[in-house]
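Reader: I would be grateful for a close look at a single part of this model, set out as one connected account. Please begin with the pairing of strands and proceed from there to the helices.

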Amino acid sequence: MAGSGQGRGRGGGRGRSGGRSTRADTPFTRAKKSGAPVGRAGAKAKAKSASSAAGRQRAAAKGAAPAARRPSGDSGAPRRTGPKGLGGDRVEGRQAVRELLLAGRRRVKEVVLSAGMEPADILDDIIDLADELKVPLREVSRTKFDASARTEAPQGVYAEAAPLPEHDLEDLLRPRDGGQPFLIALDGVTDPGNLGALLRTAECAGVSGVVLPRHRAVHVTPTVTKSAAGAVEFLPMTLVGGLPTAITRMQDAGVWVVGLDETGDDRLDGLDLSQPVCLVLGAEGRGLSRLVRQRCDAVAGIPLRGRLNSLNVAAAGAVACFEVARQRT
């Protein structure tokens, strides 16, 4: 189930039709030989160069030095900090960037590649898809790329995109593709690697929506996009002000809410999970918060056979999601 990251390229019917081009004849390598940027990036670079030259000439004619550019955000007003929404505007990693381009669900501003990478089919896919979608491609030195990357191993590619759309909770409570709601809700999960791995598992298991707290929880950071390997493009997500209130709204809509905790009164595999359901997973360490636990219709544990007494949230979520998928199959 934990795919290798190579299962859904163009050969699988989701990418560009026709045979795969070699790196020698991709738009990016042709532009590299001529020393020109690709597509709209080239046009913008030429326009910027011409504008700068004209500005210098005008300033020289007036006997004055060109005015210094005012730093962005230097307006005297306090800068807003903290997440404004789900995030997801920086996508790092080869699989994540390819799925971003394949999905075509949000605007991609540019794709940045590190110089000196070994040829790879997935890089050809990314370059060809970006060219089809008229997304600017930019190659930078490895040193500059590593300095601008926000994850530990971005695999030589990242993309800048529009933020992920935020859905209303009511949208997630409606049947999707003819199936009953299958949701997961996260209670204060703060580790981006765990969230990304959980989102990837959830998408593969058929989860129809994800509920995240607006405060005191991780949202979709670059690390999450890389760990999720493209799952964020296909999973509807919502942010809620308070998870206990959201649980009540789900229950009012006929969704059965099951919290996961090793001290739960029930075994997960002993519950009927074929009905509309939401699995609630607690934060690393403290588990479910008191009020969230009280609001759940049931609290269930996963039987363990070894000496350790708990799984991390990503592993527990994987077991639980595929138990729901098993029962629904």
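Author:
**The sheet around β11**

In this predicted model, strand β8, residues 256–260, pairs with β11 in the parallel sense, and three bridges connect the two. Within β11, Ala300 is the residue that stands opposite Leu260. Strand β11 itself covers residues 298–301. Its residues point in two directions: Ala298 and Ala300 one way, Val299 and Gly301 the other, and all of them are buried.

Strand β11 also pairs with β9, residues 266–267; these strands run parallel and are joined by two bridges. Here Gly301 of β11 is the bridge partner of Arg267. In general, the strands of a sheet pair through backbone hydrogen bonds, in either a parallel or an antiparallel manner.

These pairings belong to an open sheet of seven strands. Its order is β7-β6-β5-β10-β8-β11-β9, and the pairing is parallel. The edges are formed by β7 (237–240) and β9, each of which pairs on one side only.

Elsewhere in the order, strand β5 (residues 182–187) runs parallel to strand β10 (residues 277–282), and six bridges join them. Among the residues involved, Asp187 has Gly282 of β10 as its bridge partner.

Two helices may be placed against this sheet. Helix α7, residues 192–205, lies across β5, β6 (209–213), β7 and β10, and runs at about 170 degrees to β5. Helix α11, residues 313–328, lies across β5, β8 and β10, with an angle of about 165 degrees to β10. Strands β5 and β10 are thus named for α7 and again for α11.

A further packing concerns two helices. Helix α3 (residues 94–103) packs with helix α4 (residues 121–132) at an angle of about 30 degrees, and their axes are 10 Å apart. Angles under 35 degrees count as roughly parallel, and α3 and α4 are therefore roughly parallel to each other. The crossing in which α3 passes α4 is left-handed. On the side of α3, the contact is made by Arg94, Gln95, Val97, Arg98, Leu101 and Leu102; on the side of α4, by Ile122, Leu123, Asp125, Ile126, Leu129 and Ala130. By residue class, this contact of α3 with α4 comprises eight nonpolar residues, one polar and three charged.

Conventions: Residues are numbered from 1 along each chain as its sequence is written. This is a predicted model: local features need pLDDT of at least 70, side-chain atom pairs count only at pLDDT 80 or more; totals for chains, interfaces and linings use all residues. Side-chain values use heavy atoms; hydrogens and water are left out. Buried means under 20% relative accessible area, exposed over 50%, partly exposed in between (1.4 Å probe, protein chains only). Helices (H or I, at least four residues) and strands (E, at least two) are DSSP runs, numbered from the N terminus. Two strands pair if DSSP finds at least two bridges between them. Contact means heavy atoms within 4.5 Å. Axes are lines fitted to C-alpha atoms, for helices over the stretch in contact, and angles run from 0 to 180 degrees between N-to-C directions. Angles under 35 degrees count as roughly parallel, over 145 as roughly antiparallel, 65 to 115 as roughly perpendicular and the rest as oblique. A crossing is left-handed if the near helix is turned anticlockwise from the far one by less than a right angle, and right-handed if clockwise. Ala, Val, Leu, Ile, Met, Phe, Trp, Tyr, Cys and Pro count as nonpolar, Asp, Glu, Lys and Arg as charged, and the others, Gly among them, as polar.
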